[in-house]
Amino acid sequence: MSLRALIYAQHGDPSQVIQARSFNVNPHPAANHIRITILLSPINPSDLNIIEGIYPTRPAPRTNLTPLNTNIQEEPVYIAGTEAVGIITELGEAVRTTGDGVLHVGDRVIIDVMGAGAWSSFVDMKPEDITKVPEGLSDVAAATIKGNPPTAWLMLREYVKLEPGEWVIQNAANSAVGKAVIQIAAAMGLKTINLVRTREETAMRELEARLKALGADHVLTYEDIADKGVMRKTMQEWTGGKDIRLGLNCVGGPDTTMMAGYLGKDAHLVTYGAMSRSPLVLPTSLFIFKNLTSQGHWQTRWYDEHSKIDREKIGDEIAQLYLNGKMKEPDNEVVRLQGTDDDATRLFMEAVKRLANGGTSKKVMLTWDVPS
């Protein structure tokens with residue numbers, strides 16, 4: 001039996017260091033493991049940062065892989081990918097004989113740990129490191145339910161208690177987290193002001209329509225908010241004079257400095273990304289006169305500090321939003337890794353370059369074309 005996976009031996013540009021490789025593997029999982037065929041696995045920004053070596057969490061190197069059709073063990077490599085949905089194809093002997101009977105062959109499951117090597121044709125996992133997918137949830141929603149939606153869900157709830165009718169302002173509103181914020185906020189009865197980069201007029205109207213279809217109240221560009229005199233009055237009219245008490249930042253740099261200026265008294269600015277790779281600079285006056293609180297949110301840290309029960313509770317609430325029609329699965333593009341290892345490498349490289357060049361705004365999902 002063979003395993004196909006996207007691997008890297010050293011950190012660097014994902015379009016340069018990732019290779020698709022095939023390996024000889026044991027035809028059955030270890031006694032206390034479950035074999036899961038991967039159905040879909042997203043390419044997340046954090047996945048690319050891990051490969052680049054600039055992310056705090058890194059997977060353990062694999063030291064026991066033997067390339068297909070050889071007896072020579074591969075030098076230590078990393079299998080990329082952190083998030084996936086798959087289907088159970090085999091239970092290890094101990095799981096079959098002493099398990100609690102909750103998991104069965106044919107069940108769809110979500111990988112619940114970092115570093116599992118999700119960009120592969122299958123993974124072997126311990127039962128405690130996976131979660132069953134709720135009935136009726138799509139593969140696309142399940143494959144992305146562990147990262148972006150919980151980030152949005154927690155930022156809207158953990159830092160400041162907002163009542164229905166209150167306002168949130170966010171940048172990177174067209175990102176996966178930004179779209180989740182829009183939908184979850186709407187489900188909570190919150191209003192959103194959503195900032196995006198300037199586009200050509202037709203493209204801007206189309207983007208605004210897409211975000212409003214998800215529940216966005218207002219969509220602005222960073223150029224729009226640069227005119228503080230006009231925009232401050234406009235926002236006061238929108239909010240009925242209420243302070244905006246939560247800002248969500250995934251950009252950094254001067255655009256976020258401008259956005260923070262529209263926050264009210266006792267507001268929280270929560271940073272969860274740095275897409276501009278520019279420092280976050282905030283005026284001292286916001287802290288002195290408005291009592292601003294600036295905090296960071298890292299979903300991985302939250303998972304590390306909370307129990308599996310806590311994680312599953314959030315997952316269940318988000319799944320219900322999908323099942324009740326209050327959230328839509330991400331617009332997506334499925335890249336089928338097929339052909340030879342060189343072919344699969346090329347297909348992955350093309351997908352990464354499209355993402356880097358802004359050639360797609362969709363969530364790119366990977367799946368393997370593996371002969372049965």
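## Exercises: strands, cavities and a pocket

Gly86 stands opposite Val109 in β7. The model used here is predicted.

**Exercise 1. Find which strands pair with β7, and in what sense.**

Solution.
- Start from strand β6, residues 85-91. This strand pairs with β7, residues 108-111, in the antiparallel sense.
- Count the bridges between β6 and β7: there are 3. Gly86 facing Val109 gives a place to look.
- Now turn to strand β9, residues 130-132. Strands β7 and β9 run antiparallel and are joined by 3 bridges.
- Locate Ile110, which stands opposite Thr131 in β9.
- Result: β7 pairs with β6 and with β9, antiparallel in each case.

**Exercise 2. Describe the largest cavity: its volume, its lining and the elements that supply the lining.**

Solution.
- Search the whole structure for cavities of 30 Å³ or more; 2 are found.
- Take the largest cavity, which holds about 190 Å³ of space.
- Its lining has 16 residues. Ile110, Thr131, Ile145, Arg311 and Gly315 lie nearest the centre. Ile110 and Thr131 are also the facing residues from the β7 and β9 pair.
- Look for the elements behind this lining. β7, β9 and α13 (308-323) each supply at least two residues.
- The largest share comes from α13, with 5 residues.
- Sort the lining by class: 8 nonpolar, 2 polar and 6 charged residues.

**Exercise 3. Give the volume and lining of the second largest cavity.**

Solution.
- The space in the second largest cavity is about 90 Å³.
- Its lining is made of 13 residues. Nearest the centre are Tyr8, Ile50, Pro59, Gly81 and Thr82.
- Helix α2, residues 45-52, gives the largest share of this lining, 3 residues.
- By class, the lining splits into 7 nonpolar, 4 polar and 2 charged residues.

**Exercise 4. Work out which strand gives the most to the lining of the second largest pocket, and how the lining residues divide by class.**

Solution.
- Begin with the volume of the second largest pocket, about 540 Å³.
- List the lining: 22 residues. Arg62, Asn64, Leu65, Val123 and Asp124 lie nearest the pocket centre.
- Check strand β8, residues 122-125. This strand gives the most to the lining, with 4 residues.
- Divide the lining by class: 9 nonpolar, 8 polar and 5 charged.
- Result: β8 is the main contributor, and the classes stand at 9, 8 and 5 for nonpolar, polar and charged.

How values were computed. Residues are numbered from 1 along each chain as its sequence is written. This is a predicted model: local features need pLDDT of at least 70, side-chain atom pairs count only at pLDDT 80 or more; totals for chains, interfaces and linings use all residues. Side-chain values use heavy atoms; hydrogens and water are left out. On a 1 Å grid over the protein atoms alone, a cavity is a set of points where a 1.4 Å probe fits but cannot get out, and a pocket is an open set with protein on both sides within 12 Å along at least five of seven lines; lining residues have an atom within 4 Å of a point. Grid points are joined across faces, edges and corners, and a volume is the space filled by probe spheres set on the points. Ala, Val, Leu, Ile, Met, Phe, Trp, Tyr, Cys and Pro count as nonpolar, Asp, Glu, Lys and Arg as charged, and the others, Gly among them, as polar. Two strands pair if DSSP finds at least two bridges between them.
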